[in-house]
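Got your viewer open and a selection tool handy? Let's walk through this one stop by stop, picking out a piece each time and looking at what is there.

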Amino acid sequence: MDAHASSSKDHSDTTLATNYLDESTETASSQATTISKYHVWIMAIACGLSVANLYYIQPLLAAMQHSFAVSVDQIGFIATLGQLGYASGLLLIVPLGDKYNQRTLIVSMLCAVAAALIFMATASTISTLAIASYAIGITTIIPQLIVPFAASLARPHERGHIVGTVMSGLLIGVLLARIVSGFVGEHFGWQTIYWIAAAMMIALAITLRLLLPTDHSSKKAMSYPQLLRSLWGLITSEQVLQEASILGALAFGSFSLFWVSLPFLLETPPYHYGSDVTGLLSLAGIAGALAALFVGKFADRRDARYANGFGLIIMLLSFILMWFIGQWIIGLIIGAVLLDLGAQSNQIANQSRIYSINPAARNRLNTVYMFAFFIGGSLGSLLGTFGWSIAKWNSVCGIACLMLIVALAFYIFNGKRLRQQRANTPEP
C-alpha cells in the first residue's frame, strides 16, 4: 500500500471516530434520567459480586502453588493471565455496550462467567488452570458494562456521586473477595470458592434480568469493526483520556504488584501465615470504598484531577512505609490502608473525568481506559512475582516506588501541557 493510500485510510478511520465523537451532547444528555437510589444500589451490589471473580485468586496463590507443585513464577503467571483476560474482554466486549442493549449484554456475560468459574473449579492441571484463569478474566467485565450504564442514567450534576457509589460497591466486592476467598481456601480448599462463585453468578443473572432498568439510550448503527476502529480515534484525540489511562495503568500496576506478592511474604518468617490472614488484610480496602464516595462528590464540585495527584502521592508513601517497617504486621496494615485509599482516589478521579468527555461513547471511553488499566495490572502482577524471586520484599517495594515516581512525573509534566491546551482553546 503506498503512502497516499495509507494516509487516506488513516484519515478515513480518524474521521469515522471523530464524526461519532462530535455527535450532539444534547441528544445524549436527553437520554439521562434521574436514576433511583434503589437501582444505584442494585448496580453497586452487582458490581461487587461480579468483580470478585477476578480477585478470589490472590490470597490462594500460595495454596495453588503447593497444590500443583509449581514455582512461584509459574503460579504468578496464572494470576497475570486473569488480568490479561480482563484486558481482552475490555477491548473486545465492552465496546458492544454502545451498540447493543446493555441489560441483555450484562446478563449474557454473567452466564458466561459462571461457566468459566466451573471450569476453574474442576481444573486438574496447570495448563487447564491457566486457560480457566484467562476465561474468568475475559468474562468478568460485567462491572465495566454496569458503571457506564449507571453514568448514562445519571444527570450531569450527580454523575460523579453515582459513579462513586457504584464503584464503592465494586471496591467492597474486591475487599470481600480476598477475605472470603482466603478463609474458604484455608478451611475448605481453593476450589470451593469457585463453585460458590459460579452459583452466585447464576443467581445474579436472574436477579438483574428482573430488576435492572431498561436501557432506553439510542444506539449507533455501527458495525463491530467500526466500533473497534473508533477506539483509536478516541486515543489520539482525547488528552484527558490519554493521561487517565497512563496514570491508571501505573497506579494499578503497583497495586497489583503488592497483592500478588503479599501471600509469599506472609508465609515466610517472621509471619508464617496462611491465606486466611492474607484475606483479612484486605479489610484495609474499606478506606478505598469510603474514598470512592468522597472523591465522587468532590469530582462533581471541583477538578477531579487534584484527586489524581493526591492518590499517587499517598500510594508512594504507603510503599515507602512498608519497605521500612513491613517486617511488622502493623506496618503492613497501615501501608495497605494507605495503598487502598490512594489507589481508589486515583481510580474514581480518572473515571469521573473520562465519563464527562463524550456521552455517546462512554462504553468505548471506558474500554480504552480500563484496557490500559488492566494491562498495567498484568504488568504489576508479573513484576511482583519476578521481583519476589530476585530479592524478595526489597525488590517488590523498589519496583512499586519506581512505577509511582514515573506516574507522578508524568502527572506534573502533562499538567503543563493540559493547561497550555486550555489556554489556547477559544471559549465557545
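**First stop: helix H15.** Select residues 305-325, which form helix H15. Its 21 residues should span 30 Å at 1.5 Å a residue, and the end C-alpha atoms are 31 Å apart, which agrees. (The expected span is 1.5 Å times one less than the number of residues. Helices, H or I with at least four residues, and strands, E with at least two, are DSSP runs numbered from the N terminus.) Now colour the buried residues of H15, among them Ala307, Gly311, Ile314, Ser318 and Met322. Buried means under 20% relative accessible area, exposed means over 50%, and partly exposed is in between, using a 1.4 Å probe and protein chains only.

Before moving on, a word about what you are looking at. This is a predicted model, in which local features need pLDDT of at least 70 and side-chain atom pairs count only at pLDDT 80 or more, while totals for chains, interfaces and linings use all residues. Residues are numbered from 1 along each chain as its sequence is written, and side-chain values use heavy atoms, with hydrogens and water left out.

**Zoom out.** Show the whole chain: you should find 17 helices and 0 strands. Of the 428 residues in the protein chain, 57% are buried. Take the contacts between residues at least 6 apart in sequence, and 85% of them join residues at least 24 apart. Contact here means heavy atoms within 4.5 Å.

**Next, helix H10.** Select residues 190-211, a helix of 22 residues that reaches 32 Å from its first C-alpha to its last, close to the 32 Å expected. Which residues of H10 are buried? Highlight Trp190, Ile193, Tyr194, Ala197, Ala198, Met201, Leu204, Ala205 and Leu208. They cover an arc of only 145° around the axis, which puts them on the same side of H10; the arc is that of the directions from the helix axis to the C-beta atoms. An α-helix has 3.6 residues a turn, so residues three or four places apart point the same way. Spin round to the other side of H10 and you'll meet Ile206 and Leu210, both exposed. To see what the buried residues of H10 pack against, switch on helices H3 (37-55), H4 (61-68), H6 (102-121), H7 (126-139) and H9 (159-188).

**Threonine 140.** Step to the loop between H7 and helix H8 (143-153), where threonine 140 is found. Is threonine 140 buried or exposed? It is buried, with a relative accessible area of 0%. Draw a line from the side chain of threonine 140 to the backbone oxygen of isoleucine 136, which it reaches at 2.4 Å. Leaving aside neighbours within four places in sequence, threonine 140 is in contact with Ser50, Val51, Asn53, Leu54, Tyr86 and Val113.

**Serine 168.** Move along to helix H9 to pick serine 168, which is buried at a relative accessible area of 4%. Now add isoleucine 45: it sits 123 residues away from serine 168 along the chain, yet their C-alpha atoms are separated by 9.2 Å.

**Asparagine 366.** This residue is in helix H17 and is buried, with a relative accessible area of 0%. Its side chain is joined to that of glutamine 144 by a polar contact of 3.0 Å. (A polar contact is a pair of N or O atoms within 3.5 Å; within protein, one must be able to donate a hydrogen and the other to accept it, and residues adjacent in sequence count only if both atoms are side-chain atoms.) Not counting residues up to four places away in sequence, asparagine 366 also touches others, including Pro148, Gln351 and Phe371.

**Two backbone oddities.** Click alanine 69, in the loop between H4 and helix H5 (72-92). It has a positive phi of about 55° although it is not a glycine, and it is exposed, with a relative accessible area of 68%. Then try lysine 392, over in helix H17. Lysine 392 also has a positive phi of about 55° without being a glycine, and it is partly exposed at 43%.
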